[in-house]
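Grab a pencil and work through these exercises with the structure open beside you. Try each task on your own before you read its solution.

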Amino acid sequence: MPGLTGRMSTVVKAKISKMLDKTEDPAETLDYSYQKQLEQLQNVKKGIADVVTAKKRIQAQESGLQQQIVKLDTQARQALAAGRDDLARTALERKNVIQSELQSLDTQVTELEQQQESLTNSEQNLRTKIEQFRTKKEVIKAQYSAAEAQVRISEAATGVGDSMADVGLAMQRATDKTEQMKARASAVQELEAAGTFDDLTTLGSGEDDIDRQLRELSSTSAVDDEMAKLKAEVGPGSQLAGELAAGSAEEPAAPAAAPEPAAAPEPAAAPGLAAVPGLAAVPDADTTPQFDEHSAEPEAQPDTQTGA
């Protein structure tokens, strides 16, 4: 148990010392030490004052004893003059006692003077040391302040301080979040372009991308089929109209009157119709027989193929 108690005491003292080291400010410690030295200097001055006071008291007692010695010496002379030897002897005995006390007081005064001188020298030495400590204290405080400022500047420049480390971590988190948001925005744009997301704002049936592609494919196929059907129906008629237009442009002008009356011929087929299989002959408006209102005979148009 004694060993355990001592170990616990050592651990507690070490913890307290470590905490004090963290909270201790050298400038405050130096100022406190300087204040304590000034207090010691004041105590030395008080001691010197006490010694001088005691010396003055003793000196005052010496002055009183010396007066008593003079008085007793006078009384002894008066007693001898009056023939009173006994009184003279008594006065002289008292004078001797007082002289012994006066010598003791002189010794005490001498010792007090020595103490005063010693204290005065100590006070001067202590004052000198305190002045030196004050100068050194100010130098140490200035050096500590400069070193502390240099440390703060270096930590701020290199980013190893606590505050700058927090700023660096905050910037890193902001950069990571920015990159994550950029990647998410790019992913959303890519998925939206691919049609993965449904447009919830539309009022349609809500078809997805596959349904839309199939619908567009079926619509394209239907359009292609309809175009092919229209080409099959309109293509031959367009060719026939072109040939009819070419034949009408090549017909010569009709003569004023036919030489001989003849029976009404059968309507001739339009040029180019014989070349088209499966189509009946269509009467041409230019080749139909015309009747004169003054003559009953029809005027026949010459045939463009025979030249008649």
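**Exercise 1. Work out whether R77 is buried or exposed, then find its salt-bridge partner.**

Solution. Keep in mind that you're looking at a predicted model.
- Step 1: R77 has a relative accessibility of 60%, and the cut-off for exposed is over 50%, so R77 counts as exposed.
- Step 2: Now look for a carboxylate. The side chain of R77 meets that of D73 in a salt bridge, with 3.2 Å from N to O.
- Step 3: Both residues sit in helix α2, four residues apart, which is about one turn of the helix.
- Step 4: D73 comes out at 22%, so this residue is partly exposed.

**Exercise 2. Which residues are joined into one network by salt bridges that share partners?**

Solution.
- Step 1: The network is made of D31, K137, E138 and K141.
- Step 2: Zoom in on one pair. D31 and K141 form a salt bridge whose closest N and O atoms are 3.2 Å apart.
- Step 3: D31 belongs to helix α2 and K141 to helix α3, so this pair ties together parts that lie 110 residues apart in sequence.
- Step 4: Check the exposure of two members. D31 is partly exposed at 28%, and E138, in helix α3, is partly exposed at 38%.
- Step 5: Try a backbone check too: the C-alpha atoms of E138 and A27 are 8.7 Å apart, although 111 residues separate the two along the chain.

**Exercise 3. Find out how far K55 is from the nearest side chain of opposite charge, and decide what that says about a salt bridge.**

Solution.
- Step 1: Locate K55 in helix α2, which covers residues 26-81.
- Step 2: K55 is buried, and the nearest oppositely charged side chain, E113, is 4.3 Å away.
- Step 3: A salt bridge needs a distance within 4 Å, and K55 has none.
- Step 4: Who else is around? Leaving out neighbours within four places in sequence, K55 contacts V109, L112, E113 and Q116.

**Exercise 4. Compare the span of α2 with the expected value.**

Solution.
- Step 1: Helix α2 has 56 residues, and at 1.5 Å a residue the expected span is 82 Å.
- Step 2: From first C-alpha to last, α2 reaches 83 Å, close to that expectation.
- Step 3: Step just past the end of α2, and you'll meet G83 with a positive phi of about 80°.

**Exercise 5. Which residues form a nonpolar patch on the surface?**

Solution.
- Step 1: The patch consists of V223, M227, L230 and V234, with about 340 Å² of accessible area together.
- Step 2: Take V223, which is in helix α5 (residues 209-250). Its relative accessible area is 44%, so V223 is partly exposed.

Notes: Residues numbered from 1 in each chain as written. Predicted model: local features only at pLDDT ≥ 70, side-chain atom pairs only at ≥ 80, totals over all residues. Heavy atoms only, no water. Helix = DSSP H or I, 4+ residues; strand = E, 2+ residues; numbered from the N terminus. Buried < 20%, exposed > 50% of the residue type's maximum accessible area, 1.4 Å probe, protein only. Lys, Arg positive; Asp, Glu negative; His and termini not counted. Contact = heavy atoms within 4.5 Å. Patch = residues over 30% accessible without salt bridge, like charges linked within 9 Å, V, L, I, M, F, W, Y side chains within 5 Å. Areas by Shrake-Rupley, 256 points an atom, 1.4 Å probe, with all protein chains shown as cover. Expected span 1.5 Å × (residues − 1).
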